[in-house]
Amino acid sequence: METLVNAYSDMDTSQKVLHAVGGVFVAVVSVVAIRKLFHKEAKKDYPRDTVIHHQIGRGPYAPSMTPFAVKLETYLRMARIPYQNVHGMQMSSKSKLTWIEYNGQAVADSTLCIEFLNKKLGVDLNRNLSPADRGVAQALQVMAEEHMYWFLVLFRWVYDNDKSLLMKTLKLGTFLLWLIRRNIKKQTWNQGLGRHTEGEVTEMFKKDLQSLSDFIGTKKFLMGDEPCETDCAVFGMLSQVYWHFTGTGHENIIKDKYPNLAVYCERMKEMFWPDWDQCITHCGTREATK
Ligand SMILES: N[C@@H](CCC(=O)N[C@@H](CS)C(=O)NCC(=O)O)C(=O)O
């Protein structure tokens with residue numbers, strides 16, 4: 001022991017730093033390896049022919065604070081596919097949430113999950129749409145997920161974010177918050193929307209909401225009287241603006257300015273989430289549904 005202590009004190013500073021970094025690295029690798037081992041164990045217990053939906057915990061006013069989890073779970077309900085939620089922070093192979101496992105096969109990205117299940121189980125929620133309508137539905141989905149999503153990120157994390165519901169819910173420590181915000185600022189800068197002023201972003205955001213509002217008009221669902229796959233994505237995104245925008249300065253924007261979108265959100269909730277209240281108060285798993 002004494003020899004070890006002597007050897008340590010003989011090292012110069014750079015060697016000590018190298019040792020410390022090496023020690024931290026080994027510790028991190030060990031923790032990751034152990035976690036993987038346990039996750040593999042857990043996988044064996046998943047029931048067959050049931051979608052295992054990995055997502056973060058339930059949200060305070062809507063079933064998730066992630067639009068993509070609301071989207072995927074709404075799809076599973078719309079298509080009546082048996083599923084079970086696993087709430088946690090286990091990321092997909094693409095380092096994102098939400099994702100699924102089905103009979104041992106993992107699929108990352110909510111859209112790819114839906115495509116996978118459509119093929120595997122012969123589901124087509126867009127079967128009644130004409131090719132032109134499918135094109136419009138696809139364009140609306142991309143607007144929601146690749147444009148509106150970034151507004152959500154900016155309002156939640158970047159602009160005056162201390163008051164946002166996300167901050168209050170997550171209760172992150174100062175360092176972790178700084179780290180995440182730094183990463184998000186980089187992401188939004190690279191994506192492009194993060195380069196605009198808050199005022200410019202707000203106007204663009206309103207334009208998207210106005211387009212959705214004008215397009216839905218008095219229709220029951222996005223593409224008519226029947227809900228389709230794109231309703232899941234658009235509802236997932238709107239659910240965050242309608243129920244989870246507290247502290248962003250735009251909490252009542254849908255209710256006040258786009259009342260038909262509020263009616264739409266309530267209709268989707270009523271139709272696919274009869275257990276909504278239980279889903280926002282419980283963070284456990286939901287039994288597989290037929
Ligand atoms: N295209 C993906 C988007 C998923 C996504 O962006 N998830 C966010 C949470 S809302 C995430 O995991 N972010 C972590 C990160 O970007 O590092 C999908 O449809 O699943």
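How many nonpolar, polar and charged residues does the shell around the ligand have, by class? Sorted that way, three are nonpolar, four are polar and two are charged. Keep in mind that what you're looking at is a predicted model. So let's walk through where the ligand sits, what touches it, and how confident the predictor is.

**Where the ligand sits**
- You'll find the ligand in the largest pocket.
- Going around the ligand, you meet Thr66, Phe68, Ser95, Lys96, Leu97, Asp109, Ser110, Tyr149 and Gln187.

**Polar contacts with the ligand**
- Leu97 joins in through its backbone: one of its polar atoms there is 2.8 Å from a nitrogen atom of the ligand.
- Ser110 uses its side chain, where an N or O atom is 2.5 Å from an oxygen atom of the ligand.
- Gln187 also offers a side-chain N or O atom, and this one is 3.5 Å from an oxygen atom of the ligand.
- On its own, the ligand has 510 Å² of accessible area, and the protein covers 77% of that.

**How confident the predictor is**
- Across the protein, the mean pLDDT is 86, with 81% of residues at 70 or more.
- Residues 1–6 have a pLDDT below 50, and the model gives this stretch zero contacts beyond near neighbours in sequence.
- Residues 282–290 also stay under 50 in pLDDT, but here the model has 21 contacts beyond four places in sequence.

Conventions. Residues numbered from 1 in each chain as written. Predicted model: local features only at pLDDT ≥ 70, side-chain atom pairs only at ≥ 80, totals over all residues. Heavy atoms only, no water. pLDDT = per-residue confidence, 0-100. Contact = heavy atoms within 4.5 Å. Near = heavy atom within 4 Å. Polar contact = N/O pair within 3.5 Å; in protein donor to acceptor, adjacent residues only side chain to side chain. Areas by Shrake-Rupley, 256 points an atom, 1.4 Å probe, with all protein chains shown as cover. 1 Å grid on protein atoms, 1.4 Å probe; cavity = no way out; pocket = protein on both sides within 12 Å on 5 of 7 lines; lining within 4 Å. Sits in = over half its atoms within 2 Å of the grid points. Nonpolar A, V, L, I, M, F, W, Y, C, P; charged D, E, K, R; others polar.
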